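Here is a set of short questions and answers on one protein. Look at the structure first, then read on.

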Amino acid sequence: MEYAIGRIGRVIVARGFEGEDVYNGIEGIARKENIRSAAVMIVGGLRSAKVVVGPKNPYGPIEPIFRQFDDAREIAGVGTIFHDGNGPSLHLHGAIGRGDETIVGCPRGGANVFCVLEIVIMEIEGVDASRAPDPDTALKLLRLMSGATIV
């Protein structure tokens, strides 16, 4: 395991409105405020999303399984923001439910707000980190740069 120690900087509280794109909104705030590293919490509703719920084969090449919905669901989620070479990149996972059905995973592909989404972004200062392509998985994975400790 590898780790770096930072501290909480600014705390941003935001509200997403009906139909807004979750990723564009959160990454847009991070871009405008020049946030390079952050922890993110969200609570509220999603109108629709395409959710990654796991790999098709846990031992083979990573190919995601998707579940899609467009019927307005509740979400409680956590994530991170790190730069990926193109700017701030949100990685978000959440529990998304309606009635007795729950999906847990990474909402992507048109994750849009239903009614209201409350967002808290906690900037992390003093950590040199980014997301970079990993040749083994073809995913953009967290890379800790200078000052990281390996245990």
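## The largest pocket

The largest pocket has a volume of about 590 Å³. Its lining counts 20 residues. The model is predicted.

Q: Which residues are the closest to the centre of the largest pocket?
A: The lining of this pocket has 20 residues. Five of those are listed as closest to the centre: His91, Cys106, Arg108, Leu139 and Lys140.

Q: Which strand gives the most to the lining of the largest pocket?
A: Four strands each supply at least two lining residues: β3, β6 (88-98), β7 (101-125) and β9 (140-144). One of them gives the most, with 5 residues. That strand is β6.

Q: How many residues of the pocket lining are nonpolar?
A: Sort the lining by class. The polar group has 4 residues, and the charged group has 4. The nonpolar count is 12.

## Serine 37 and asparagine 34

Q: Is serine 37 buried or exposed?
A: Serine 37 belongs to strand β3, residues 37-55. Its contacts beyond four places in sequence are Ile81, Phe82, Met122, Glu123, Ile124, Val127 and Ala129. Buried means under 20% relative accessible area. Serine 37 has 4% relative accessibility, so it is buried.

Q: Is asparagine 34 buried or exposed?
A: Asparagine 34 sits in the loop between α1 (22-32) and β3. The cut-off for exposed is over 50%. Asparagine 34 has a relative accessible area of 56%, so it is exposed.

Q: Which residues does asparagine 34 touch, not counting residues up to four places away in sequence?
A: Begin with a residue further along the chain. Histidine 83 is 49 residues from asparagine 34 in sequence and 10 Å away in space, C-alpha to C-alpha. The residues that asparagine 34 touches are Arg10 and Glu123.

## Phenylalanine 66

Q: How far apart in space are phenylalanine 66 and valine 52, C-alpha to C-alpha?
A: Phenylalanine 66 is part of strand β4. Leaving aside neighbours within four places, it is in contact with Lys50, Val51, Val52 and Arg108. Valine 52 is 14 residues away in sequence. In space, C-alpha to C-alpha, the two are 4.6 Å apart.

Q: Which residue has its charged end over the ring of phenylalanine 66?
A: Phenylalanine 66 is partly exposed, at 35% relative accessibility. A charged end sits over its ring, 4.6 Å from the ring centre. That end belongs to lysine 50.

Q: How many aromatic pairs are there?
A: A pair of aromatic rings is described by two things, the distance of the centres and the angle of the planes. Rings pair if their centres lie within 6.5 Å. By this rule, the count of aromatic pairs is 0.

## Two positive phi angles

Q: What is the phi of alanine 72?
A: Most residues other than glycine have a negative phi. Alanine 72 is in the loop between β4 (64-69) and β5 (73-83). It is buried, with a relative accessible area of 11%. Alanine 72 is not a glycine, yet its phi is positive, about 60°.

Q: What is the phi of cysteine 115?
A: Cysteine 115 is found in strand β7. It is partly exposed, with a relative accessible area of 46%. Cysteine 115 is not a glycine either, and its phi is positive, about 65°.

Notes
Residues are numbered from 1 along each chain as its sequence is written. This is a predicted model: local features need pLDDT of at least 70, side-chain atom pairs count only at pLDDT 80 or more; totals for chains, interfaces and linings use all residues. Side-chain values use heavy atoms; hydrogens and water are left out. Buried means under 20% relative accessible area, exposed over 50%, partly exposed in between (1.4 Å probe, protein chains only). Contact means heavy atoms within 4.5 Å. On a 1 Å grid over the protein atoms alone, a cavity is a set of points where a 1.4 Å probe fits but cannot get out, and a pocket is an open set with protein on both sides within 12 Å along at least five of seven lines; lining residues have an atom within 4 Å of a point. Grid points are joined across faces, edges and corners, and a volume is the space filled by probe spheres set on the points. Ala, Val, Leu, Ile, Met, Phe, Trp, Tyr, Cys and Pro count as nonpolar, Asp, Glu, Lys and Arg as charged, and the others, Gly among them, as polar. Rings of Phe, Tyr and Trp (its six-membered ring) pair if their centres lie within 6.5 Å; planes under 30 degrees apart count as stacked, over 60 as edge-to-face and the rest as tilted. A charge sits over a ring if NZ of Lys or CZ of Arg is within 6 Å of the ring centre and within 35 degrees of the ring normal.
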